[in-house]
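Trainee: I would like to take a close look at a single part of this model, and I would be glad if you went through it slowly with me.

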Amino acid sequence: MARKTVLVTGGAGYIGSHTCVELLNAGFPVVVLDNFRNSHPEAIERVRKLAAGSLKLVTGDVCDSACLERLFAEESIAAVIHFAGLKAVGESVAKPELYYRVNVGGTLTLIEAMLKAQCSRFVFSSSATVYGDPQEVPVPENARFAPESPYGASKAMVERVLTDVAKANPSWRVALLRYFNPVGAHVSGEIGEDPLGPPDNLFPYVAQVAVGKREYLTIHGNDYPTRDGTGERDYIHVVDLARGHVAALDHLDELHAATAINLGRGIGGTVMEVLRAFEKACGHPIKHVVGPRRPGDVARYFADPAQAEKLLGWRAEFDIERACADTWRWQSRYPDGFRTR
Ligand SMILES: NC(=O)c1ccc[n+]([C@@H]2O[C@H](COP(=O)([O-])OP(=O)(O)OC[C@H]3O[C@@H](n4cnc5c(N)ncnc54)[C@H](O)[C@@H]3O)[C@@H](O)[C@H]2O)c1
């Protein structure tokens, strides 16, 4: 059966670009909307080289209602995957109004355009940050909501908005996908994470030390109650995550109204394990120092991914070693990301 067109907001970004590849491979025509605030148009060119099929690019802002109305009038959009937004936790503390404007306001603008165009299928990029400091691990979907930053709160608010919209419009089906820690890159080494400033996350930081762009990695605490004393997180390969979105689209009609689903491996990896796996991938030692714990960090954090398997028939395939090998291929080939000459 012919696949229908999917609008991917933020499709030039890290997770969006990998998802576009998987959507095209699965036969979905794709329209990307992106304002390139945190990405590069070259990412779209690379996606075009990696996967055949129809990929249109609209340069625009998800907060611009006229742009969205035009887009829905011109394209026959059957479903939306909404990645576009801001994601730096620290910046969200400094500029909460910006995060609520883009993340919550942008989603509202998108929902209004969808209601007008009678498009009722929505896949949302939520985050495990909605749980805050978890009371139990693995973290199930019905764990307490306790976001600790404006970023996390903006995700929780959007989940609430989408839940209410789905209640008011019984034809709507919404998947609220709560990602754990996306890492890795496409196996080709042609697309990957391309942070504009100093990376916030462990993987891109280790990769930049490995390639010589940064001097050393600071491990924030090695006295946690974990296997080796360093923090443990649920690192999920970005291609697994991308395939989770294809599975969500395929099962959206069977879901009840708005349904929250964790996307994680359900297995934790420690900072030390990531470091060792990365050293193996790049073939040389990675300089690191141990510093004090960071306020707000928890010892262990990983998903209960059972719901994703039950509802979407999806489970993660790739391990940390594979994620490190793919990240290294991307980082060593393109040390300055999409700006590499
Ligand atoms: N990467 C993670 O660790 C992680 C974890 C959980 C959830 N998420 C969520 O997943 C989504 C994608 O994350 P990512 O890591 O790919 O981030 P990213 O910054 O690489 O991608 C976001 C994309 O959205 C675009 N964008 C931003 N504001 C926009 C706007 N107003 N209009 C149009 N486009 C806009 C950016 O240019 C970028 O291409 C985000 O919503 C993020 O909050 C990410």
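Which helices and strands each supply at least two residues of the shell around the ligand?

Mentor: Please keep in mind that this is a predicted model. The elements that each supply at least two residues of the shell around the ligand are α1 (14-25), β5 (121-127) and α6 (150-168), and β5 gives the most, with three residues. There are 26 residues around the ligand, and those that come nearest are Asp34, Asn38, Ser39, Lys87 and Tyr151. Sorted by character, the residues of this shell divide into eleven nonpolar, ten polar and five charged.

Let us go on to the individual distances between the ligand and the protein. An oxygen atom of the ligand lies 2.7 Å from an N or O atom in the side chain of asparagine 38, while a nitrogen atom of the ligand is found 2.9 Å from an N or O atom in the side chain of aspartate 61. With valine 62 it is the backbone that takes part, since one of its N or O atoms lies 3.0 Å from a nitrogen atom of the ligand. Taken on its own, the ligand has 820 Å² of accessible area, and the protein covers 95% of that area.

Among the residues that come nearest to the ligand is serine 39, and it deserves a closer look. Serine 39 sits in the loop between β2 (30-34) and α2 (42-50), and its relative accessible area is 12%, which is under the 20% cut-off, so this serine counts as buried. If we leave aside its neighbours within four places in sequence, serine 39 is in contact with Ala12, Gly13, Asp34 and Arg339. With aspartate 34 there is also a polar contact between the two side chains, at 3.4 Å, and Asp34 is itself one of the residues that come nearest to the ligand.

Valine 62, whose backbone we placed beside a ligand nitrogen, leads us on to the nonpolar cores. The largest nonpolar core has 46 residues, and the members that touch the most others are Val8, Leu23, Val30, Val123, Leu177, Leu249 and Leu263. Helix α8 (residues 238-251) gives the most to this core, with seven residues. Valine 62, however, belongs to a second, separate core of 26 residues, which also includes Ile111, Val165 and Ala166. As a general background, nonpolar side chains tend to be buried together in soluble globular proteins.

Leucine 23 shows how one member of the largest core is surrounded. Apart from its neighbours within four places in sequence, leucine 23 is in contact with Val6, Val8, Phe28, Val30, Ile81, Val246 and Leu249. Several of these partners, including Val8, Val30 and Leu249, are listed with leucine 23 among the residues that touch the most other members.

Finally, you may like to set beside this a helix that is mostly covered, namely α7 (residues 202-210), in which eight of the nine residues are buried. The buried residues of α7 pack against β7 (181-183), β8 (217-220), β10 (235-237), α9 (271-282) and α11 (320-333). Leucine 202, which has its place in this helix, is buried with a relative accessible area of 16%, and, leaving aside its neighbours within four places in sequence, it is in contact with Leu217, Tyr235, Val271 and Val274. Just after α7, glycine 212 takes a positive phi of about 90°.

Notes
Residues numbered from 1 in each chain as written. Predicted model: local features only at pLDDT ≥ 70, side-chain atom pairs only at ≥ 80, totals over all residues. Heavy atoms only, no water. Core = buried A, V, L, I, M, F, W, Y, C linked by side-chain atoms within 4.5 Å. Buried < 20%, exposed > 50% of the residue type's maximum accessible area, 1.4 Å probe, protein only. Helix = DSSP H or I, 4+ residues; strand = E, 2+ residues; numbered from the N terminus. Contact = heavy atoms within 4.5 Å. Near = heavy atom within 4 Å. Polar contact = N/O pair within 3.5 Å; in protein donor to acceptor, adjacent residues only side chain to side chain. Areas by Shrake-Rupley, 256 points an atom, 1.4 Å probe, with all protein chains shown as cover. Nonpolar A, V, L, I, M, F, W, Y, C, P; charged D, E, K, R; others polar.
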